[in-house]
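Trainee: Could you give me a close look at one chain of this model, and at the neighbours that it touches? Please treat it as one connected account.

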Amino acid sequence: MSQSIPAAGSGFALNIKGAVKHFGGARALSGASLAVRHGTVHGLVGQNGAGKSTLIKVLAGLHRLDQGSIEIDGQQHDTLTPHLAEELGIHFIHQDRLLVPTFTVGEALFLGREPRIPGTPFLDRRAMQRQAAEILDRYFGLRLPNSALIADLSTAEKQIVQITRALLHGPKILVFDEPTAALVRREADILFSLIRRLRDEGITIIYISHYLGEIEALCDEVTILRNGIDVATLAVRDTSAAAIASLMIERDIGEMFPKRKLATGAPVLSVSRLSSPGKYQDVSFHVGQGEIVGVTGLLGSGAKELLRALFGLEAPQSGEIVAGGKPVRFKRPSDAVRDHLALVPEDRRGNGIALDLSVTENTTIASLRRFTHLGFLDRAGERAEVDELIERLQVKTSGRDALLRSLSGGNQQKVAIAKWLSRHSEIYLLDEPTVGVDVGSKVEIYRLIGDLAARGAGVLVLSTDLAELVGITDRILVLFRGRVVKEFVSSETSPDAVLAEATGSLEGRRHVS
Amino acid sequence: MSVNALFTSTFDTDSETPPAKRRNWGGQAAAIALRGGSFIAFAAILLYFSITAPFFFTIGNIGNVLGQSAILGVLAIGLTVVIIAGGSNVVTGGIDLSVAANMGLSAAVYATVIQLGYGDGLAVLAAISTGALIGAVNAFAVVIVGVVPLLATLAVMNVVAGLELVLTQNTVVPAATDFLSFLSAAGPFGLPVLAYVLLVFTAIATAVVQFTPMGLRLYATGEFPDAARAAGLPVKGLIAGSFLASGFCAGLAGILSVSYLSGSTTGAGDMLLPVVVTALLGTVFSRRLVPTIIGTLLSALLVGFLVNGFQLLNISSTLVNGVQGLLIILVVSATTLLRRQEN
Amino acid sequence: MTAGLASRGANSGRSILDRLVRYALIVAIITVFAAFSAAAPTFLAPANLQSILVNNFTLLAIVAIAMTFAVSAGGIDLSVGTAVDFASFAFVSLVLSGQPVPLALLAGVASGALVGAFNAVLIAGIGISPFLATLGTLFIGRSLQQLLTNGGNPVYLPPAGIPEAFRFIGHGAIFGVPFPLIVVLVVIAASAAVLSKTRFGRVLTAIGIQTSVARYSGIAVPAHVAVTYIVAGAIAAIAGLILTSTVTVYIPSSGNAFLLNAIGATFIGTTLSPLGRPNIPGTVLGVLLLSIVSNGLLLTGLNFYWQQVGTGLLIFVVLSISFVNQRAKRRA
């Protein structure tokens with residue numbers, strides 16, 4: 001399946017130098033370099049927002065670098081396109097499986113390179129089916145019914161189809177992006193032995209993951225990204241998960257986080273034995289008035305789903321939620337909002353703020369009733385409120401009528417929070433509040449979060465930026481594979497300790513062969 | 001303002017909701033019920049009519065239905081290609097509202113060419129070219145200018161309908177040639193030639209759309225444009241081609257219509273909504289619940305048999321509209337509720 | 001007021017284009033008006049202008065406003081014509097059977113609202129996409145009308161049996177202003193106020209622009225969407241009432257003739273708004289433009305059928321501009 005590939009270790013399959021990339025006001029990459037040797041498994045790690053996905057998207061030809069050079073197999077290719085990347089033999093195993101749900105496995109595998117019945121323009125469906133079954137069985141021991149559609153497959157099976165599709169192209173570089181996030185142990189092991197086999201066949205592999213135990217077990221070298229730049233590239237046998245972890249974390253915190261006075265009151269939010277099979281199990285905790293509680297966990301830990309359940313976006317199967325002193329059952333976000341909850345979602349542009357509505361419209365969208373008299377909007381009152389919030393939060397905008405599209409990520413996030421300030425919410429759920437936000441705005445947002453608590457709200461922050469979490473919260477809950485495995489008092493712990501629990505690297509080390 | 005929302009359900013709004021990963025058993029059962037149910041319903045209708053309506057189950061009558069369904073069938077199949085390439089239920093929402101007006105104009109062109117004294121050969125060329133040209137305009141508007149298909153084809157439809165009126169002055173343009181008579185006459189085994197035309201056309205369309213790589217790529221483009229692009233497919237070209245195809249089909253339908261009605265008549269636009277509903281309903285006849293050529297054919301025949309049965313039973317055939325409307329709502333409700341249950 | 005830097009950047013170049021596009025519509029209206037005045041002497045005659053307003057403009061404006069509500073909320077209503085027809089039918093039937101006109105009027109509006117309610121159940125209740133749902137309603141509505149009229153027979157009001165109130169709606173005048181025109185003006189004013197100045201209107205706009213954000217902000221989206229379609233049906237019903245009063249007959253499925261121009265006018269109207277949003281004043285101007293073009297083309301002696309080509313081309317050009325503009329905005 002592979003073409004002629006130079007011997008392992010000789011030269012670089014990929015050499016990115018000094019990559020710089022801006023998005024509006026934010027700097028995603030600030031001079032990152034990535035040098036991957038031929039025929040090795042090269043790990044790429046970093047926290048959310050460190051620049052991993054941007055770097056990969058640049059490699060995939062989806063973004064163009066503002067500065068920096070890209071060398072593939074010795075050749076300069078500073079402007080990549082998806083087509084060119086594929087021609088150069090770079091293939092990606094993404095998290096969003098790019099497989100058409102209503103296609104059969106055979107069709108999905110051969111889309112774009114469909115075999116024809118010789119001498120005719122017609123699809124050779126039988127050949128597609130046969131070859132597909134053969135390859136899947138030979139390499140993966142996977143047997144699927146001929147008529148199986150992609151939509152009927154499990155996540156692991158889809159991933160295998162995706163990998164097979166890439167392999168059919170004879171790739172030189174395979175990039176795996178968080179491949180084990182939705183896999184069970186057994187499936188992950190199959191993946192690992194496959195990756196080793198591919199490496200032995202001479203394919204270069206870039207492996208992105210948060211599970212440091214896997215990086216330790218699988219990779220030859222690892223590059224650690226932090227704040228858009230590579231801080232180290234190490235040979236895995238010369239280092240450890242713990243060392244990698246501590247390199248991932250921002251040290252230079254200094255005065256970034258406001259001093260916190262730990263005066264907390266009665267619980268504004270209590271959760272008992274909340275469970276949703278397959279997502280999270282038996283979760284119990286509470287958030288007091290004026291308290292900032294952090295929640296963290298890797299993809300698949302259930303933290304995200306938990307937050308969604310608290311806002312009424314999904315329903316837990318069992319357990320109890322008590323908000324503002326009374327037990328509640330949220331069927332939809334409007335129920336949660338009525339009970340004074342607020343959510344600042346991770347996908348800001350999709351769910352947090354409307355890019356094509358103005359600052360004013362975004363800010364008051366949850367609190368319109370305050371500015372309504374007999375059905376009509378009190379525009380003057382609205383204006384006053386928005387101006388006050390813009391001032392208080394220091395939102396940089398050309399005016400209250402500017403569309404959110406024209407604001408930087410950080411300022412958009414401030415508006416996303418301002419919306420709930422206008423509503424006088426009492427319980428704030430913040431999902432990755434500073435992702436995609438420039439450093440300056442980050443500090444302001446931290447101050448803002450502290451302010452929320454100081455005014456008596458209860459705040460729950462979900463974040464995978466552990467330095468941030470330790471810096472701004474009073475307590476931290478760590479979820480691993482659906483359960484709360486540890487609760488820390490923030491002032492008495494460190495990001496490394498939290499990371500160790502979150503990655504289960506202690507556990508991980510035991511299981512990965 | 002997002003016109004894209006026109007095709008999305010009120011509830012398909014969450015960018016954080018992951019797509020359903022595995023069809024649960026309830027969903028599977030419902031899907032099978034939907035598909036199996038449609039075939040059963042079709043058979044039941046045929047059965048009912050053959051019992052209650054005189055002459056229903058005769059070769060002559062069935063041939064009649066096939067012939068009468070030819071125009072609707074050809075149009076709906078052309079529209080199906082657009083729906084396949086544009087996506088039947090997601091953001092892009094491929095649709096071509098100009099097919100009926102296109103047919104009307106093509107028919108008018110054909111009849112006019114004949115009237116002017118030229119032969120069938122030129123007339124056929126003219127009609128097909130008209131259809132294809134309109135398809136090209138649609139393709140241009142959607143792919144190059146970037147107007148949403150719904151609105152682009154709506155505007156084109158208006159213009160084309162107007163042009164037809166200008167050409168015919170809102171009158172019937174009679175046309176009778178040997179070729180046309182041949183088309184609307186009876187053929188071998190007592191089946192009308194039009195029936196054969198429908199069957200042959202369907203066979204060719206099926207071969208291209210369901211059995212060639214290009215057909216597969218059309219499906220990929222409509223179902224999952226990102227995956228199609230990732231596979232290096234020329235998405236824009238495929239979408240443009242689909243509009244050309246539907247334009248071509250409309251031209252062909254125009255010729256058939258001239259033959260069937262012995263000229264070009266007004267009121268072609270009335271066919272639009274029946275064609276749209278026919279194409280959309282066709283999905284229930286496919287195993288994967290996607291638009292298919294055969295599915296559309298069956299859907300067209302279902303309508304044909306309904307109209308025919310109603311006629312034989314002396315029920316107003318305009319009730320067929322209501323049946324179609326009900327069917328659309330039932331089918332889409334079922335699929336929408338299915339999807340909601342999965343998420 | 002603002003805190004610090006303005007982030008205009010690449011926006012200024014485009015805002016000129018924006019302004020051009022916006023004013024283009026008004027310029028177009030003026031140009032077209034002038035052109036027809038020059039080409040056809042009878043165009044400017046007061047009787048003709050009145051005819052434009054009352055005949056072409058009134059009914060289409062009302063239906064287009066109903067459409068604008070639906071489009072504002074991010075959907076579309078293909079069954080506006082159905083609401084017009086059902087209202088007509090109820091109105092005529094009740095008057096024929098001797099009921100007082102006010103009651104008949106109420107029944108008419110209620111019928112339109114009922115059509116809207118049906119749509120609401122499909123769209124907000126089940127979650128069917130607005131296009132397909134209203135398409136289904138349109139179809140079912142057609143058949144129902146056939147059934148109710150025993151096969152599509154128009155329902156006439158005999159000249160002798162027309163109550164004064166009935167006649168007034170279609171042909172009366174207050175201080176010389178034709179009553180239908182007054183009704184239209186009231187509808188325009190009320191709708192514009194609702195869409196741009198009320199909480200409901202603001203919520204609709206949010207739902208139409210980014211439904212997910214509205215939902216995540218605690219807005220009860222299905223409820224608002226439901227009300228929107230009911231309101232659209234009720235407004236369209238008003239057009240049915242005026243239509244029937246004017247021609248004293250109900251013809252089944254005649255309301256669908258408004259559909260395409262209503263859609264066209266609504267989208268022409270969005271180009272008028274600086275933010276590209278559907279809006280009442282824009283829709284009204286769109287209707288005005290379409291009316292003037294139809295009437296003018298007729299008067300210049302140009303083949304009657306060029307009207308449709310003309311309006312079709314117009315809609316096409318405006319849409320193209322609108323979408324090219326939107327795309328450019330998105331790239332920035």
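Mentor: The account below starts inside chain C and then moves outward to chains B and A.

The model is predicted, so local features are given where pLDDT (the predictor's confidence in each residue, from 0 to 100) is at least 70, side-chain atom pairs count only at 80 or more, and totals for chains, interfaces and linings use all residues. Residues are numbered from 1 along each chain as its sequence is written, with chains lettered from A and ligands numbered from 1 in the order in which they are written.

Chain C contains 13 helices and 4 strands (DSSP runs of H or I with at least four residues, and of E with at least two, numbered from the N terminus). Of its 332 residues, 54% are buried, that is, with 20 or more other C-beta atoms, placed from the backbone, within 10 Å of their own. Of the contacts in chain C between residues at least 6 apart in sequence, 75% link residues at least 24 apart; a contact requires C-beta atoms, placed from the backbone, within 7 Å.

One helix pair in chain C can be examined in detail. The axes of α7 (residues 179–197) and α12 (residues 280–299) of chain C come within 9 Å and cross at roughly 145 degrees; axes are lines fitted to C-alpha atoms over the stretch in contact, and angles run from 0 to 180 degrees between N-to-C directions. From α7(C), C:Ile188, C:Ser191, C:Ala192 and C:Leu195 take part, and they meet C:Ile280, C:Pro281 and C:Val284 of α12(C). These residues divide into 6 nonpolar, 1 polar and no charged (nonpolar: Ala, Val, Leu, Ile, Met, Phe, Trp, Tyr, Cys and Pro; charged: Asp, Glu, Lys and Arg; polar: the others, Gly among them).

Toward chain B, 55 residues of chain C are in contact with 48 residues of chain B. On the chain C side, the helices that each supply at least two residues include α4 (101–126), α5 (130–148) and α10 (221–247). The greatest contribution to this side comes from α13(C), with 14 residues. By class, the side of chain C that touches chain B has 31 nonpolar, 20 polar and 4 charged residues.

Chains B and C both appear among the most connected residues of the largest nonpolar core, which has 379 residues: B:Leu75, B:Tyr110, C:Ile62 and C:Val63 have the most contacts inside it. Such a core is a set of buried Ala, Val, Leu, Ile, Met, Phe, Trp, Tyr and Cys residues joined through C-beta atoms within 7 Å. Leaving aside residues up to four places away in sequence, B:Tyr110 touches eight-residue surroundings that include B:Ala123, B:Ala175, B:Ile255 and B:Val258.

Confidence qualifies the picture of chain B. Its pLDDT averages 83, and 86% of the residues score at least 70. Residues 1–7 of chain B, however, stay under 50, with 29 contacts beyond four places in sequence, and residues 12–24 of chain B are also below 50. Where pLDDT is low, the predicted coordinates should not be read in detail.

Chain C also meets chain A, through 28 residues of chain C and 33 of chain A. On the chain A side, α10 (333–338), α11 (348–352), β18 (376–377) and α13 (379–393) each supply at least two residues. The most come from α10(A), with 4 residues. This side of chain A divides into 15 nonpolar, 11 polar and 7 charged residues.

Note on methods. Contact = placed C-beta atoms within 7 Å. Buried ≥ 20, exposed ≤ 12 C-beta atoms within 10 Å, placed from the backbone.
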